[in-house]
Structure formats: C-alpha cells, structure tokens
Amino acid sequence: MSLLRNNGAGVFGQRSDFDSGGNGEYALGHGDMNNDGIVDLVVGTQNDESIRVLRGNGDGTFTAQAAAIARGRPWMIAIGDVNGDRFLDVAVANGVSNNGAILLGNGDGTLQSGVVVNLGGSTSTVIATDLGDLDGDGDLDWVLSSFGGGRW
C-alpha cells in the first residue's frame with residue numbers, strides 16, 4: 001500500500017509504502033475506528049479473506065490490528081455505524097464468494113468476525129456495497145450489488 005500526502009494545495013509528496021499485514025489488498029476504506037479523532041484505514045485482503053484495521057498514529061503512519069474474518073474474498077467495503085452503538089462497523093461485498101458480510105466494530109480498532117448474507121445463484125459476483133438511510137428511519141440500511149445474478 002502507498003500513502004501520498006497532500007500539501008494543502010493539491011500537490012502530493014513522495015510516496016510512502018507500507019504493508020497491511022494481509023495478502024492481496026483490494027478493498028479500502030477509512031474512518032475513525034477507535035474514536036480517537038485520527039483517521040484509520042480499513043483494508044480488505046482477498047487471498048486471506050480478512051478485513052484489517054490499520055490504526056492511524058496521527059503522523060501518516062499506521063499500526064495494524066488483529067485481522068477479522070470477512071467470510072469471503074473482500075471486493076469492496078463501506079463503513080458506518082449499523083447497530084447504533086457509536087462504533088464504526090464494516091459492510092463488505094465478498095466478490096466471487098457470492099456473499100456480503102457485516103463486521104461489527106468493537107470501538108477499539110478491532111472488528112468481530114463477519115455475519116454473512118448469501119445472495120444465491122451460481123453465476124453472480126458481489127461487486128459493490130454501500131450503507132445509507134434509504135427509508136428515512138434514522139438507521140443505516142445495506143445495499144449489495146450482484147453482477148450476473150441480477151440482484152440487489
């Protein structure tokens with residue numbers, strides 16, 4: 001993985017490379033996963049089917065937390081508080097695994113193992129995930145997109 005820092009004028013400095021600790025980094029998101037006011041990275045790694053939180057240290061460096069099981073091969077992730085506990089959670093679209101999973105955040109930068117939703121069908125690939133209040137009730141709703149399966 002690489003970080004390019006912005007100088008505030010839209011000019012990016014020298015690339016700084018670092019490792020997520022996983023194998024096959026693919027999905028990427030960000031949020032304050034431990035409520036310390038510093039942005040953390042959330043990385044989905046396909047080859048070891050995990051989600052990894054890299055806690056921001058506030059200086060452009062990160063500290064890897066223990067991996068959480070994604071229950072499939074992460075393709076895309078969305079981050080939000082799905083259960084109202086004020087801790088960010090991760091919604092993952094597990095590509096060729098034909099499922100999605102919700103990994104609840106513990107509030108300290110770690111995640112629980114994923115709770116899976118299977119989309120069914122043998123030809124679908126789950127390619128997208130997003131969170132938003134689609135029905136106006138104040139709770140985040142979850143959308144998964146299945147390419148080839150004709151499902152949302």
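Helices (H or I, at least four residues) and strands (E, at least two) are DSSP runs, numbered from the N terminus. The model on screen is predicted: local features need pLDDT of at least 70, side-chain atom pairs count only at pLDDT 80 or more, and totals for chains, interfaces and linings use all residues. Residues are numbered from 1 along each chain as its sequence is written, and side-chain values use heavy atoms, with hydrogens and water left out.

**Stop 1: Ala 70**

Select Ala 70, in the loop between E7 and E8. Buried or exposed? Ala 70 counts as buried because its relative accessibility is 0%; the classes are buried for under 20% relative accessible area, exposed for over 50% and partly exposed in between, with a 1.4 Å probe and protein chains only. Now add Phe 147 and draw a C-alpha to C-alpha distance: the two residues are 20 Å apart in space and 77 residues apart in sequence.

**Stop 2: Tyr 26, Trp 75 and Met 76**

Stay with the loop between strand E7 (68-69) and E8, and select Trp 75 there. Then add Tyr 26, which lies in strand E3 (residues 25-31). A search of the whole structure finds two aromatic pairs. Tyr 26 and Trp 75 form a tilted aromatic pair, with 5.2 Å from centre to centre and 45° between the planes. Rings of Phe, Tyr and Trp (its six-membered ring) pair if their centres lie within 6.5 Å; planes under 30 degrees apart count as stacked, over 60 as edge-to-face and the rest as tilted. Tyr 26 and Trp 75 are 49 residues apart in sequence, so the pair ties together parts of the chain with that separation.

Both rings can be viewed from outside with the accessibility values in mind: Tyr 26 is partly exposed at 47% relative accessible area, and Trp 75 is partly exposed at 31%. Add Met 76, in strand E8, which counts as partly exposed at 33% relative accessibility. Show the surface here: Tyr 26, Trp 75 and Met 76 make a nonpolar patch of about 290 Å². Patches are made of residues with over 30% relative accessible area and no salt bridge; like charges are joined within 9 Å, and nonpolar side chains (Val, Leu, Ile, Met, Phe, Trp, Tyr) within 5 Å. The accessible areas come from the Shrake-Rupley method with a 1.4 Å probe, and for residues only the protein chains shown count as cover.

**Stop 3: the salt bridges**

How many salt bridges does the count come to? The count is two, where a salt bridge is a side-chain nitrogen of Lys or Arg within 4 Å of a carboxyl oxygen of Asp or Glu.

Select Arg 15 and Asp 17, whose side chains meet in a salt bridge at 2.7 Å, N to O. Arg 15 is exposed, at 53% relative accessible area, while Asp 17 counts as partly exposed at 47%.

Next select Arg 52 and Asp 48, which form a salt bridge with the closest N and O atoms 3.0 Å apart. Arg 52 counts as buried at 14% relative accessibility, whereas Asp 48 is partly exposed at 30%. Asp 48 is in the loop between E4 and E5. From Asp 48, draw a line to Ser 97: the C-alpha atoms are separated by 13 Å, and the residues are 49 apart along the chain.

**Stop 4: two positive phi angles**

Glu 49 is in the loop between strand E4 (40-45) and strand E5 (50-56). Glu 49 has a positive phi of about 50° although it is not a glycine, and it is partly exposed at 34% relative accessible area.

Move to Arg 86, in the loop between strand E8 (76-80) and strand E9 (89-94). Arg 86, also not a glycine, has a positive phi of about 75°. Its relative accessible area is 71%, so Arg 86 is exposed.

**Stop 5: Ala 91**

Select Ala 91 in strand E9. Ala 91 is buried, with a relative accessible area of 0%. Its C-alpha atom is separated by 18 Å from that of Asn 35, 56 residues away along the chain.

**Stop 6: the acidic patch**

Which residues form the negative surface patch? Select Asp 133, Asp 135, Asp 137 and Asp 139. Lys and Arg count as positive and Asp and Glu as negative, with His and the chain ends not counted; the place of a charge is taken as NZ of Lys, CZ of Arg, CG of Asp or CD of Glu. Finish on Asp 139, in the loop between strand E12 (125-132) and strand E13 (141-147), where Asp 139 is partly exposed at 46% relative accessible area.
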